[in-house]
Amino acid sequence: MSGEQEARRPVAPLVLGIETSCDDTACAVMAGDGRVLASVVSSQLAAHRPFGGVVPEIASREHLRNWLPVEAEALTTAGVELRDVELVAATRGPGLIGALLVGLSLGKSIAYGLGVPFHAIHHLEGHLYSPFLGGPGEPAAAPPESFAGLVVSGGHTSVYRVDAERVATVAETRDDAMGEVFDKVGKRLGLPYPQGPVVDVLAEAGDPAAHPFSIAACSDGSADFSYSGLKSQALLAIEALERRGIEAPPGETASDAMPGELIDLLAGFRAAAVGQILDRLERVLAANRFDHLAVSGGVAANRLLRREVARWCAERGIELSLVALAYSGDNAGMIAHAALLRHRAGRADDPLDAEAASRLPLEV
Ligand code: KG4
Ligand code: ZN
């Protein structure tokens, strides 16, 4: 660091975060107060798009190719050098095993080489605490002692209870995740990957009441989610429209180029998907009251979900921490942040021992 940089040295420890669990190569630099100094996410969209989804082998190779420039950009943006790093964190799972191994091995070797503590982080622990990350230039807020966490992504739809840093799973999906279903319905219409955000934008222009879908309940009355029924309903409805000659024009993503019936169908689909979230939150609340809800994950970018969850919380006097859009999708800021919380609690992992796992329960 230069003399001037030394004078405004970030609060210790300086954390380097690495996230490579799926198709984003991400590196973040965080100050010890949880301030994100740099968060670089290099998307592999162009490499996977021709296949309509993520190809695991391509993801691993792209992570290897992208890592050095991504790391360099993060360090330059933060105005620090690798030797200034005092704590290293990398995602250990769940995710694509080859992709995880790239980031975890990098993290382990950087920590070992620098002789600094290492944290192997659960991807969902990163999402779970991400709503407490601050805006640009702001430190992270301290998570409350007790809260409920809703994590909605392409691979997970879960509610957790966090009490004194202990995490318990309260509800999870029994089949598909909400983001996955958005992607599959969008893929059926020929929309580009990831289809979730495109379906969301299209649904904004539709009338959900013109094409309502039912909200699935679990037969045993549990708060678990189930999205495969909604997916089938939506795919069958698309087929029924096609039989009447109503189709998405190939390669089109603009709502004014789509048939109105299709837009209404997507609006109804999205309303039922979000409706199920509120239905399950109501069940969780009835079983065990919570005063604070933290909402995170890629699908937390969904426009209707953001509006509805804010309304739901306001009506019930529940405090809401809604992840900032910059940290809803996969990023390394959330991994650095989860590591910082672990570091404060005095928990570190051995960089020679930490292992990647494609499946990993979140119970800490
Ligand atoms: O958390 P994330 O980046 O990766 C996983 O850990 O899965 O979430 C990605 C998922 C994808 O399924 C994507 O389509 C979905 O989040 N997603 C959305 C929206 N933005 C991203 N789904 C619905 N509406 C959105 N606005
Ligand atoms: Zn994720």
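Trainee: Why does G135 count as partly exposed?
Mentor: Buried means under 20% relative accessible area and exposed means over 50%, with partly exposed in between (1.4 Å probe, protein chains only). G135 comes out at 27% relative accessibility, so partly exposed is the label. You'll find G135 in the loop between α5 and β6 (146–152). Helices here are DSSP runs of H or I with at least four residues, strands are runs of E with at least two, and both are numbered from the N terminus.

Trainee: Any ground rules before we go on?
Mentor: This is a predicted model, where local features need pLDDT of at least 70 and side-chain atom pairs count only at pLDDT 80 or more, while totals for chains, interfaces and linings use all residues. Residues are numbered from 1 along each chain as its sequence is written, chains are lettered from A and ligands numbered from 1 in the order in which they are written, and side-chain values use heavy atoms, with hydrogens and water left out.

Trainee: What makes H123, H127 and D330 donors of the zinc ion (ligand 2)?
Mentor: Donors are N, O and S atoms within 2.8 Å of the metal (3.2 Å for Na, K and Ca); water is not among the atoms, so the site may look incomplete. H123 (NE2), H127 (NE2) and D330 (OD) lie 2.1 Å from the zinc ion, and that passes the cut-off. Along the chain their spacing reads H-x3-H-x202-D.

Trainee: How are H123 and H127 placed in α5?
Mentor: Both sit in helix α5 (residues 123–129), four residues apart, about one turn of the helix. An α-helix has 3.6 residues a turn, so residues three or four places apart point the same way. H123 and H127 are both buried.

Trainee: How do you know that the span of α3 agrees with its length?
Mentor: The expected span is 1.5 Å times one less than the number of residues. For the 23 residues of α3 (residues 56–78) that gives 33 Å, and the end C-alpha atoms are 31 Å apart, which agrees.

Trainee: What is called a kink in α3?
Mentor: The bend at a residue is the angle between axes fitted to the seven residues ending there and the seven starting there. At N66, shortly before the proline P69, it is about 45°. N66 is also among the buried residues of α3, as are W67 and V70. After α3 comes G79, with a positive phi near 70°.

Trainee: What makes β8 and β10 edge strands?
Mentor: Two strands pair if DSSP finds at least two bridges between them. The open sheet of five strands is ordered β8-β7-β6-β9-β10, with mixed pairing. β8 (166–172) and β10 (319–322) each have a single partner strand, so one side of each is left without a neighbour in the sheet.

Trainee: How many bridges join β7 to β8?
Mentor: Six, with β7 (residues 157–163) and β8 running antiparallel; V159, for one, has A171 in β8 as its bridge partner.
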